Amino acid sequence: MVMVDEVPFPPQITTTKPLSLLGHGITDIEIHFLQIKFTAIGVYLEPEVVGHLQQWRGKPGNVLAEDDNFFEALINAPVEKFLRVVVIKEIKGSQYGVQLESAVRDRLAADDKYEEEEEEALEKVVEFFQSKYFKKDSVITYHFPANSATAEIAFTTEGKEEAKIKVENANVVEMIKKWYLGGTRGVSATTISSLANTLSAELCK
């Protein structure tokens with residue numbers, strides 16, 4: 001297991017095929033010099049993703065971490081992607097839903113893609129989280145298949161059955177990916193830096 005801030009992540013998971021843990025980190029804020037950690041994040045990708053990133057071969061991780069075009073190419077690469085988010089500090093699902101909503105909505109609005117369909121799709125995701133309670137060690141997963149612009153979001157918490165929702169609006173799916181994988185604008189700088197370092201090393205092989 002790979003420990004991400006005391007949270008164990010398997011180095012590999014299998015969806016339709018084996019995916020490798022290529023990046024990990026946390027979301028946190030600092031209040032009065034106190035660090036409050038919210039979630040631990042693992043990013044699983046098909047190892048073949050490096051084939052789509054060849055133009056960045058030889059660039060060091062710290063350079064890639066600042067290169068939003070690199071992360072754009074990563075997001076658009078036709079490979080399967082899987083995010084595993086583990087709750088460190090318990091919050092209401094509605095609080096998480098609101099964070100996701102504003103991040104996705106702002107990105108859509110900035111690209112002039114926020115129409116009625118997007119609003120409806122996003123609302124469904126927010127409603128999905130509304131009724132949940134994020135106890136410590138609850139798990140949220142995002143599964144993005146290789147060649148379809150959909151996402152499956154699942155939530156598991158102790159003592160409850162797994163809950164799932166499918167997102168079929170391509171624009172909303174794209175912005176959820178960007179929320180977690182969007183380079184300098186991603187929600188977790190530690191995850192972006194980790195991905196950049198791992199992929200830099202993979203590209204040198």
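The axes of helix α2 (residues 68-76) and helix α6 (residues 189-204) approach within 12 Å and cross at roughly 80 degrees. Helices here are DSSP runs of H or I with at least four residues, strands are runs of E with at least two, and both are numbered from the N terminus. Axes are lines fitted to C-alpha atoms, for helices over the stretch in contact, and angles run from 0 to 180 degrees between N-to-C directions. The crossing therefore makes α2 roughly perpendicular to α6, on a scale where angles under 35 degrees count as roughly parallel, over 145 as roughly antiparallel, 65 to 115 as roughly perpendicular and the rest as oblique. Helix α2 contributes Phe70, Phe71 and Leu74 to the contact, while α6 contributes Ile192, Leu195, Ala196, Leu199 and Leu203; contact means heavy atoms within 4.5 Å. These residues comprise eight nonpolar, no polar and no charged. In this classification Ala, Val, Leu, Ile, Met, Phe, Trp, Tyr, Cys and Pro are nonpolar, Asp, Glu, Lys and Arg are charged, and the others, Gly among them, are polar.

The model is predicted: local features need pLDDT of at least 70, side-chain atom pairs count only at pLDDT 80 or more, and totals for chains, interfaces and linings use all residues. Residues are numbered from 1 along each chain as its sequence is written, and side-chain values use heavy atoms, with hydrogens and water left out.

The sheet comes next. Seven strands form an open sheet in the order β3-β4-β5-β6-β9-β10-β11, with antiparallel pairing. Its edges are β3 (12-14) and β11 (163-167), each of which pairs on one side only. From one strand to the next, the twist averages 25 degrees. Two strands are taken to pair if DSSP finds at least two bridges between them. In general, the strands of a sheet pair through backbone hydrogen bonds, either parallel or antiparallel.

Beginning at the β3 edge, three bridges join β3 to the antiparallel strand β4 (residues 18-31). Ile13 stands opposite Leu19 in β4, and a hairpin of three residues links the two strands. Strand β4 is in turn joined to β5 by 11 bridges, again in the antiparallel sense, with Ile26 opposite Ala40 of β5. The hairpin of β4 and β5 has two residues between the strands, and His32 in this hairpin takes a positive phi near 45 degrees.

Further along the sheet, strand β6 (residues 81-87) pairs with strand β9 (residues 139-144) over six antiparallel bridges. Within this pair, Val85 has Ile140 of β9 as its bridge partner. Helix α4 packs on the sheet, touching β9, β10 (151-156) and β11, and its direction makes about 170 degrees with that of β11. Helix α5 (residues 170-181) lies across β5 (34-45), β6, β9, β10 and β11, running at about 125 degrees to β9.

Strands β9 and β10 pair in the antiparallel sense over five bridges, and Tyr142 faces Ile153 of β10. The hairpin that joins β9 to β10 passes through six residues. Five bridges also connect β10 to β11, which run antiparallel, and here Phe155 is opposite Ala163 of β11. The hairpin of β10 and β11 has six residues between the strands, and Gly159 in the turn has a positive phi of about 80 degrees.

Glu162 belongs to the loop between β10 and β11. Its relative accessibility is 45%, so Glu162 counts as partly exposed; buried means under 20% relative accessible area, exposed over 50%, and partly exposed in between, with a 1.4 Å probe and protein chains only. Leaving aside residues up to four places away in sequence, Glu162 touches Ala154, Phe155 and Thr156. Phe71, one of the α2 residues in the contact with α6, is separated from Glu162 by 91 residues in sequence and by 30 Å in space, C-alpha to C-alpha.

Two loop residues other than glycine also have positive phi values. Glu6, in the loop between β1 (2-4) and β2 (7-9), has a positive phi of about 70 degrees. Glu6 is exposed because its relative accessibility is 72%. Asp112, in the loop between α3 (93-110) and α4 (116-130), has a positive phi near 60 degrees. With a relative accessible area of 68%, Asp112 is likewise exposed.

An unreviewed UniProt entry places the feature "domain: Chalcone isomerase" at residues 4-201. UniProt positions are given in the numbering used here, feature names are shortened, and annotations may be inferred rather than shown by experiment. The end C-alpha atoms of residues 4-201 lie 20 Å apart, and the span is 36% helix and 31% strand.
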